[in-house]
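Work through the exercises below with the sequence and the coordinates at hand. Try each task before reading its solution.

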Amino acid sequence: MSIERFHQNKNMSKYVIHDKVVYMSGQVAMDPSGTFEEQLHQILNQIDEQFQEIGIDRSHILRAMIWIDDYKKWPSLNEIWNAWVPADKKPARSCVESKLAFPQYQVEVEITAAL
């Protein structure tokens, strides 16, 4: 059984690969001063960068878990998400309205992907 852990710090790994599955930690915006839409675009760009590092792309996404701080942002989320995810490769997705760990964050995205 091989488990590979990448970009570890004292609390977590940025992503873990086991049995040809990539488990990514929840992603928040590096600069949380922007709007919801700006934060979401930052997160999706960060995910793309990690995918590039791993050697996969968006078509490999199996599951996405999304937390948003206000359900009124659901239409914006879907518009940006649907433009980002390949139309014929939609992953399983869950989305909940939730108070995030720090108030400056409006959205967090966690991905599980096939290697």
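The exercises that follow concern a predicted model, and each task is followed by its solution.

**Exercise 1. Packing of helix H2**

Task: State which residues of helix H2 are buried and which elements they pack against.

Solution. Begin with the range of the helix: H2 covers residues 74-84. Within that range, the buried residues are Leu77, Asn78, Ile80, Trp81 and Trp84. Next, look for the elements they meet. One helix is involved, H1 (36-54), together with strands S4 (61-68), S5 (92-97) and S6 (107-114).

**Exercise 2. Geometry of the H1 and H2 pair**

Task: Find the angle and the axis distance at which H1 and H2 pack, and say which hand their crossing has.

Solution. The axes of H1 and H2 are 10 Å apart, and the packing angle is about 25 degrees. Angles under 35 degrees count as roughly parallel, so H1 and H2 are roughly parallel to each other. The crossing of the two helices is right-handed.

Task: List the residues that form the contact of H1 with H2, then sort them by class.

Solution. On the H1 side, the residues are Phe36, Glu37, Leu40, His41, Leu44, Ile47, Asp48 and Phe51. On the H2 side, they are Ser76, Leu77, Ile80, Trp81 and Trp84. Sorted by class, the contact of H1 with H2 has nine nonpolar, two polar and two charged residues.

**Exercise 3. Aromatic pairs**

Task: Say how many aromatic pairs the structure holds and classify the pair of Trp81 and Trp84.

Solution. The count of aromatic pairs is four. For Trp81 and Trp84, the ring centres lie 5.5 Å apart and the planes make 45 degrees, so this pair is tilted. Along the sequence, Trp81 and Trp84 are three residues apart in helix H2, which means a separation of about one helical turn. Both Trp81 and Trp84 are buried.

Task: Classify the pair of Phe102 and Tyr105 by its ring geometry, and decide whether Tyr105 is buried or exposed.

Solution. The ring centres of Phe102 and Tyr105 are 6.4 Å apart. Their planes stand at 75 degrees, so the pair counts as edge-to-face. For the second part, the relative accessibility of Tyr105 is 18%. The limit for a buried residue is under 20%, so Tyr105 counts as buried.

**Exercise 4. Two glutamines of H1**

Task: For Gln39, give the burial state and the contacts beyond four places in sequence.

Solution. Gln39 is found in helix H1. Its relative accessible area is 0%, so Gln39 is buried. Residues up to four places away in sequence are not counted; Gln39 then touches Ala29, Asp31, Pro32, Gly34, Gln104, Tyr105, Gln106 and Val107.

Task: Do the analysis for Gln46, giving its burial state and its contacts.

Solution. Gln46 also has its place in helix H1. With a relative accessibility of 12%, Gln46 counts as buried. Once neighbours within four places in sequence are left aside, Gln46 is in contact with Gln27, Val28, Ala29 and Met30.

**Exercise 5. Lys73 and Met24**

Task: Locate Lys73, then give its burial state and its contacts.

Solution. Lys73 sits in the loop between S4 and H2. At 19% relative accessibility, Lys73 counts as buried, because the limit is under 20%. Not counting residues up to four places away in sequence, Lys73 touches Phe36 and Gln106.

Task: Locate Met24, then give its burial state and its contacts.

Solution. Met24 belongs to strand S3. The relative accessible area of Met24 is 4%, so this residue is buried. Its contacts, not counting residues up to four places away in sequence, are Lys14, Tyr15, Ile47, Gln50, Phe51, Glu110 and Ile111. From Met24 to Ser13, the C-alpha to C-alpha distance is 8.3 Å, and the two are 11 residues apart in sequence.

**Exercise 6. Positive phi**

Task: Give the phi values of His7 and Lys20, and place each residue in its loop.

Solution. His7 is a residue other than glycine, and its phi is positive, near 55 degrees. His7 lies in the loop between strand S1 (3-6) and strand S2 (15-18). Lys20 is not a glycine either, and its phi is about 65 degrees. The loop of Lys20 runs between S2 and strand S3 (21-24). At 64% relative accessibility, Lys20 counts as exposed.

Methods
Residues are numbered from 1 along each chain as its sequence is written. This is a predicted model: local features need pLDDT of at least 70, side-chain atom pairs count only at pLDDT 80 or more; totals for chains, interfaces and linings use all residues. Side-chain values use heavy atoms; hydrogens and water are left out. Buried means under 20% relative accessible area, exposed over 50%, partly exposed in between (1.4 Å probe, protein chains only). Helices (H or I, at least four residues) and strands (E, at least two) are DSSP runs, numbered from the N terminus. Contact means heavy atoms within 4.5 Å. Rings of Phe, Tyr and Trp (its six-membered ring) pair if their centres lie within 6.5 Å; planes under 30 degrees apart count as stacked, over 60 as edge-to-face and the rest as tilted. Axes are lines fitted to C-alpha atoms, for helices over the stretch in contact, and angles run from 0 to 180 degrees between N-to-C directions. Angles under 35 degrees count as roughly parallel, over 145 as roughly antiparallel, 65 to 115 as roughly perpendicular and the rest as oblique. A crossing is left-handed if the near helix is turned anticlockwise from the far one by less than a right angle, and right-handed if clockwise. Ala, Val, Leu, Ile, Met, Phe, Trp, Tyr, Cys and Pro count as nonpolar, Asp, Glu, Lys and Arg as charged, and the others, Gly among them, as polar.
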